[in-house]
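Please open the model in your viewer and keep the selection tool at hand, as this tour goes from one selection to the next and says what can be found at each stop.

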Amino acid sequence: MSWGRGTLVLDPRENGPRGYANGGFACGALAGFVPHGPAEVTLRSPVPVGVPLGVKSRLGGGAELLLRQVRGNEVVAEAAPAEPFVAEPPYRPTPGEAQAAWDAHPFRGLDLPLSDCVVCGAERLDGLRICFGPIPDHPEMMASPFVVPEAFCDDRGELRTPAVWGALDCPSYPAEAVRRGRFALLGRLAVHRRRPVVAGERLIAVGWTESIGNRSMRTASALLAGDEIVASGRAVWVEAKPDAV
């Protein structure tokens, strides 16, 4: 990821669906333009990687991410300030349960639109390696261990903001979509980080479904350090139409 004056270029290595940014990374990059505190980002369309995207400030401290086109600019994402929040998981898995969930990652060995995702791609040895899986007796939940990689940290050894958002994105993927074999896209993500996340820190990433609509699903996620909730997120996922996969 790199910045210019009023521009943002997302690193092609930080992809979700092939050719597009991981939703959490894209949201977190735009959230960096929100001056203070938590933010909420709405994705209007998949965000391309490796191309200059315009950033436009909005009244009230928000920002828009623009894809420049010959005839006008397309708004691909919108960010706005959000109130602080803490999402409390309905169950806190043990490290052993999180590892068992990682071992049971449902997409391992499959060629799917998210197989190369920088966050949850099982074959991405250069990614965050948050390969979430189910927790027995808690069908609404997903979990994974997460060892913070230095490659995604800044000069102070702290996990960069887009990577924090990415770490909260994929574990929030709806368990219902996994069970039904459906593909869902991130539509909205809000994140509140309570303290810095540092290189080498051992966390548990957990996500859970809060409600299910016709095609949309509301979920939440958290990064746990023992009994501490380091950061948490709230997401809206939208089931993709069959011809869009």
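Begin by selecting F107, F132, Y173 and W237, which ring pairs link into a cluster; keep in mind, as you look, that this is a predicted model. In the whole model the count comes to 5 aromatic pairs. A pair of aromatic rings is described by the distance of the centres and the angle of the planes. For F107 and Y173 the centres are 6.2 Å apart and the planes stand at 90°, an edge-to-face pair. This pair links distant parts of the chain, since F107 is in the loop between helix 2 and strand 7 while Y173 is in the loop between helix 3 and helix 4, 66 residues apart.

Now keep Y173 and turn to F132, whose ring centre is also 6.2 Å from that of Y173 but with the planes at 20°, so this pair is stacked. F132 lies in the loop between helix 2 and strand 7 and Y173 in the loop between helix 3 and helix 4, so the two rings tie together parts that are 41 residues apart in sequence. Is Y173 buried or exposed? With a relative accessibility of 4%, Y173 counts as buried, and F132 is buried as well.

Next, select helix 3, residues 161-169. Of its 9 residues, 8 are buried, so helix 3 is largely enclosed by the rest of the structure. Among the buried residues that you can pick out are W165, L168 and D169.

For another kind of contact, select W102 and R108, where R108 lies over the face of W102 at 4.4 Å from the ring centre.

The tour now moves to charged side chains. Side chains of opposite charge can pair when their charged atoms come close. The model has 15 salt bridges by count, and a good selection to show them is R18, D111 and D116, which are linked in a network. R18 meets D111 with 2.5 Å from N to O. R18 is in the loop between strand 2 and helix 1 and D111 in the loop between helix 2 and strand 7, so their salt bridge ties together parts that are 93 residues apart in sequence. R18 also forms a salt bridge with D116, where the closest N and O atoms are 2.9 Å apart. If you show the surface, D111 counts as exposed at 65% relative accessibility, whereas R18, at 42%, is partly exposed, and D116, at 31%, is partly exposed too.

Then select R195 and E201, which form a salt bridge with the closest N and O atoms 2.5 Å apart. Here E201 counts as buried at 14% relative accessibility, while R195, at 23%, counts as partly exposed.

The last stops are pockets. Which residues lie nearest the centre of the largest pocket? Select P17, P46, A184, L185 and L186, which have that place among the 31 residues of the lining. The space in this pocket is about 510 Å³, and strand 9 gives the largest share of the lining, 4 residues. By class, the lining has 20 nonpolar, 5 polar and 6 charged residues.

Finally, go to the second largest pocket, with about 270 Å³ of space. Of the 15 residues that line this pocket, T94, P95, R202, L203 and I204 are the closest to its centre. Helix 2, strand 8, strand 10 and strand 11 each supply at least two residues of this lining.

Terms used. Residues numbered from 1 in each chain as written. Predicted model: local features only at pLDDT ≥ 70, side-chain atom pairs only at ≥ 80, totals over all residues. Heavy atoms only, no water. 1 Å grid on protein atoms, 1.4 Å probe; cavity = no way out; pocket = protein on both sides within 12 Å on 5 of 7 lines; lining within 4 Å. Points joined across faces, edges and corners; volume = space filled by probe spheres on them. Nonpolar A, V, L, I, M, F, W, Y, C, P; charged D, E, K, R; others polar. Buried < 20%, exposed > 50% of the residue type's maximum accessible area, 1.4 Å probe, protein only. Phe/Tyr/Trp six-rings, centres within 6.5 Å; stacked < 30°, edge-to-face > 60°. Lys NZ or Arg CZ within 6 Å of the ring centre and 35° of its normal. Salt bridge = Lys/Arg side-chain N within 4 Å of Asp/Glu carboxyl O.
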